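Hello,

Here is the structure I promised to pass on to you. Have a look at it first, and then read on for my notes.

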Amino acid sequence: MTYSIKHLFHIDAPRQNVFNAIATIEGLSNWWTVQTEGSSGLGKHIQFDFGDYKGPKMKIIELVADEKIVWECVASDHGWLGHTFVFSLDENEGKTRVRFSHNGWQEQNDFYSSCCFSWGRYMESLRQYCQTGKGEAYGSEGYR
């Protein structure tokens, strides 16, 4: 049995803007980590680092403009290798509904719990970035 971290929330911004925030290097560096490098097309790789800590390397394995992006972790020093990360977008009551999942956990341990909390925090950073133009990416001035 595997476990997933799931978040469902709404962003008061056009779906195209939200998609660009999760599907481009510029967007990602404004809400997750300022140390985001790579290419954002289908089959391309994105590296996410956090200060001196080498973070995960993701391969984009599915990309549907303004609707969905799926990453697979292809390199990780902390146990995410093979995990998938899904962002699905649709419109709901005039807002963009985001369904996020981080899949592939073998157990619900302390690291799983820590990641649940962290993903919630970063999803709020994504919402703030899309609604105000300013997120709280790791390494940014507003990061706390």
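**Helix α3 and what packs on it**

At the start of α3, a side-chain oxygen of N109 comes to within 3.2 Å of the backbone nitrogen of F111. Before I go further, please keep in mind that this is a predicted model.

The helix itself covers residues 110-132, and its length can be checked with simple arithmetic. With 1.5 Å for each residue, its 23 residues should span 33 Å, and the C-alpha atoms at its ends are indeed 33 Å apart, so the two values agree. After α3 comes G133, which has a positive phi near 85°.

The buried residues of α3 are Y112, C115, W119, R121, Y122, M123, S125, L126, Y129 and C130. When you read through that list, it may help to recall that an α-helix has 3.6 residues a turn, so residues three or four places apart point the same way. What lies over these buried residues includes the helices α1 (15-23) and α2 (25-31), together with the strands β1 (3-11), β6 (84-92) and β7 (95-105).

**Aromatic pairs around W32**

I found 19 aromatic pairs in the model. One of them joins W32 and F48 in a tilted arrangement, with 4.3 Å from centre to centre and 45° between the planes. Because W32 lies in the loop between α2 and β2 (35-38) while F48 belongs to strand β3, this pair ties together parts that are 16 residues apart in sequence. Both W32 and F48 are buried.

W32 also pairs with Y122, this time edge-to-face, at 6.5 Å centre to centre and with 70° between the planes. Here the link is between distant parts of the chain, since W32 is in the loop between α2 and β2 and Y122 is in helix α3, 90 residues apart. Are these two residues buried or exposed? W32 has a relative accessibility of 3% and therefore counts as buried; Y122, at 8%, counts as buried too. Y122 has a further partner in R121, which lies over the face of the Y122 ring, 5.2 Å from its centre.

**The strands from β3 to β6**

Next, the strand pairing. Strand β3 (residues 45-49) pairs with strand β4 (residues 57-64) in the antiparallel sense, over three bridges. In this pairing Q47 stands opposite K57 of β4.

β4 in turn runs antiparallel to strand β5 (residues 68-75), and seven bridges join them. I60 has W71 in β5 as its bridge partner, and L63 has I69, also in β5. The hairpin of β4 and β5 has three residues between the strands, and D66 takes a positive phi there, near 65°.

From β5 the pairing goes on to β6, again in the antiparallel sense, over five bridges. I69 appears here once more: its bridge partner in β6 is F87. I69 is thus bridged to L63 and to F87.

**Two serines to look at**

S40 sits in the loop between β2 and β3. With a relative accessibility of 24%, S40 counts as partly exposed. Which residues does S40 contact, leaving aside neighbours within four places in sequence? They are A23, T24, I25, I46, I60 and L63. For A23, the backbone oxygen lies 3.3 Å from a polar atom of the S40 side chain. I60 and L63 you have met already, as bridge partners of W71 and I69. S40 and C116, by contrast, are 25 Å apart in space, C-alpha to C-alpha, and 76 residues apart in sequence.

The other serine, S101, is in strand β7. S101 has a relative accessible area of 12%, and because anything under 20% is taken as buried, S101 is buried. Its side chain makes a polar contact of 3.1 Å with the side chain of N103. Not counting residues up to four places away in sequence, S101 touches I5, K6, T84, F85 and V86.

If you open the model, W32 is a good place to begin, with its rings paired to F48 and Y122.

Best wishes

Key: Residues are numbered from 1 along each chain as its sequence is written. This is a predicted model: local features need pLDDT of at least 70, side-chain atom pairs count only at pLDDT 80 or more; totals for chains, interfaces and linings use all residues. Side-chain values use heavy atoms; hydrogens and water are left out. Two strands pair if DSSP finds at least two bridges between them. Helices (H or I, at least four residues) and strands (E, at least two) are DSSP runs, numbered from the N terminus. The expected span of a helix is 1.5 Å times one less than its number of residues. Buried means under 20% relative accessible area, exposed over 50%, partly exposed in between (1.4 Å probe, protein chains only). Contact means heavy atoms within 4.5 Å. A polar contact is a pair of N or O atoms within 3.5 Å; within protein, one must be able to donate a hydrogen and the other to accept it, and residues adjacent in sequence count only if both atoms are side-chain atoms. Rings of Phe, Tyr and Trp (its six-membered ring) pair if their centres lie within 6.5 Å; planes under 30 degrees apart count as stacked, over 60 as edge-to-face and the rest as tilted. A charge sits over a ring if NZ of Lys or CZ of Arg is within 6 Å of the ring centre and within 35 degrees of the ring normal.
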